[in-house]
Amino acid sequence: LRNSFAPRAEKRNQRFENRLQPQASSFKVAVLGAAGGIGQPLALLIKMSPLVSALHLYDIANVKGVAADLSHCNTPSQVLDFTGASELANSLKGVDAVVIPAGVPRKPGMTRDDLFNINASIVKNLIEAVADNCPDAFIHIISNPVNSTVPIAAEVLKQKGVYDPKKLFGVTTLDVVRANTFVAQKKNLKLIDLDVPVVGGHAGITILPLLSKTKPSVSFTDEEVEQLTVRIQNAGTEVVEAKAGAGSATLSMAYAAARFVESSLRALDGDADVYECSYVQSELTELPFFASRVKLGKNGVEAIISSDLQGLTEYETKALEALKPELKASIEKGIAFAHKQP
Ligand code: NAD
Ligand code: LMR
């Protein structure tokens, strides 16, 4: 029960009870990059959702075994495997949500932007197929650098004439999950009720936890704010270094993405009270993409929550201004890539 994904205890209890009752599960979800370090545990967690009727697992290799293995779990969804470019279109037909953890992860010493050269093309190709086969689906992008891959996806969808900014999400949930965990540890709080919004982007200083907006309200010393902010910003690197060349965060990422996908499906299912932080097209700042809390509904982003950016502390205001040039450059790099490709 305590390991469910929802931020609020009440919702958690309610959803767990739902799992024990007969319920029509109806949504189809595709995972692209499903045989990878994130893809496998993410597929397992999505297989546990009572809201899912079909789970389409796509990868360029090794996905058959993952699907065979997963299909033995006695949860309602049917698991189908799709291998290689010739099966990509079929993996996407009729799906309500697509999750993309395809691409290479960092090694020690690398930035997320160092992954651009490989992952930009992977995301571009996958999004072209999404545009052709399930243009109405919610699209969740995990592949790094998220600050650039989301703008790439937006441009590709525009070129295909099917861009709906309300349905394109950069998955930054892991930053929130980490912020909640680290704050709870430092302040000895009950994790289950804690909610720290994280805004900006998903790389280094562009990750900005708004500790002053923590709910329930928590007071921090200046030193605690500095330590927590830096730890949350460097948490990905913490894992990359601990894995020492074997990749980056996979299990916590799968947990975070499963939470976000579950939130999307709850919104699609008509739940009127679904909020998550996500990197989306936004008018909250002068930047065209920005992560913030959003309200999710049947059509995707129903509202971008602006109140989190009001009444920031001096530390947060400075950090917000400091992150803008880097985030702007990453967005522009993604847009330029999408335009220069044939
Ligand atoms: P991984 O190497 O373990 O798995 C990647 C998978 O993608 C592999 O199975 C590979 O075969 C597959 N793949 C490669 N090219 C593909 C293509 N064209 N089509 C479909 N599948 C393809 O890597 P991982 O640890 O799972 O990480 C995946 C990505 O997620 C990386 O870019 C990483 O940086 C990113 N990531 C993002 C976050 C976040 O918070 N958004 C967190 C962790 C990792
Ligand atoms: C993370 O935050 O863990 C991911 O973006 C992976 C990485 O490269 O740090």
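**Group meeting: helix packing, a ligand shell and some backbone oddities**

Hi everyone, let me start with a pair of helices: the axes of α6, residues 146–159, and α11, residues 314–340, approach within 7 Å and cross at roughly 40°. Please keep in mind throughout that this is a predicted model. Angles from 35 up to 65 degrees fall in the oblique class, and α6 and α11 are therefore oblique to each other. The handedness of their crossing is right-handed.

Who makes that contact? On the α6 side we have Asn-147, Ser-148, Thr-149, Pro-151, Ile-152, Glu-155 and Val-156. Facing them from α11 are Leu-327, Ser-330, Ile-331, Lys-333, Gly-334, Ile-335, Phe-337, Ala-338 and His-339. Sorted by class, this contact between α6 and α11 holds eight nonpolar, six polar and two charged residues.

Now for a second pair. Helix α2, residues 39–47, and helix α10, residues 251–268, have axes that come within 8 Å and cross at roughly 35°. The crossing of α2 and α10 is right-handed. From α2, the contact uses Pro-41, Leu-42, Leu-45 and Ile-46, and α10 brings Leu-251, Ala-254, Tyr-255, Ala-257, Ala-258 and Val-261. How many of the residues in the contact of α2 with α10 are nonpolar, polar and charged? Ten are nonpolar, with no polar and no charged residues.

Let me stay with α2 for a moment. This helix is mostly covered, with seven of its nine residues buried. The buried ones are Gly-39, Gln-40, Leu-42, Ala-43, Leu-45, Ile-46 and Lys-47. So you will find a lysine, Lys-47, on that list. What covers the buried residues of α2? The cover includes α10, which we just met, along with helix α3 (63–70) and the strands β1 (27–32), β2 (52–59), β3 (78–83) and β4 (97–100).

On to the ligand. Around ligand 2 sit Pro-105, Arg-106, Arg-112, Asn-144, Leu-174, Gly-236, Val-239, Val-240, Ser-248 and Ala-249. Helix α9, residues 235–243, gives the largest share of this shell, three residues. By class, the shell around ligand 2 divides into five nonpolar, three polar and two charged residues.

One residue of that shell, Asn-144, takes us to the backbone. As a reminder, most residues other than glycine have a negative phi, and most peptide bonds are trans. Here, Asn-144 and Pro-145 are joined by a cis peptide bond, with omega about -5°. Pro-145 is found in the loop between β5 (138–141) and α6, the helix we opened with. There is also a cis bond from Lys-215 to Pro-216, with omega near -10°, and Pro-216 has its place in the loop between β8 (207–209) and α8 (222–233).

Finally, two asparagines with positive phi. Asn-62, in the loop between β2 and α3, has a phi of about 65° although it is not a glycine. Asn-188 has a phi of about 55°, and its place is the loop between α7 (173–187) and β7 (198–200).

Is Asn-188 buried or exposed? It has 6 C-beta neighbours inside 10 Å, and therefore counts as exposed, since the cut-off for exposed is 12 or fewer. Asn-62 has 14 other C-beta atoms within 10 Å, so Asn-62 is partly exposed.

That's my tour, and I'm happy to take questions!

How values were computed
Residues numbered from 1 in each chain as written. Chains lettered and ligands numbered in written order. Predicted model: local features only at pLDDT ≥ 70, side-chain atom pairs only at ≥ 80, totals over all residues. Axes fitted to C-alpha atoms, helices over the stretch in contact; angles between N-to-C directions. Helix = DSSP H or I, 4+ residues; strand = E, 2+ residues; numbered from the N terminus. Parallel < 35°, antiparallel > 145°, perpendicular 65-115°, else oblique. Left-handed = near helix turned anticlockwise from the far one by under 90°. Contact = placed C-beta atoms within 7 Å. Nonpolar A, V, L, I, M, F, W, Y, C, P; charged D, E, K, R; others polar. Buried ≥ 20, exposed ≤ 12 C-beta atoms within 10 Å, placed from the backbone. Near = placed C-beta within 6 Å.
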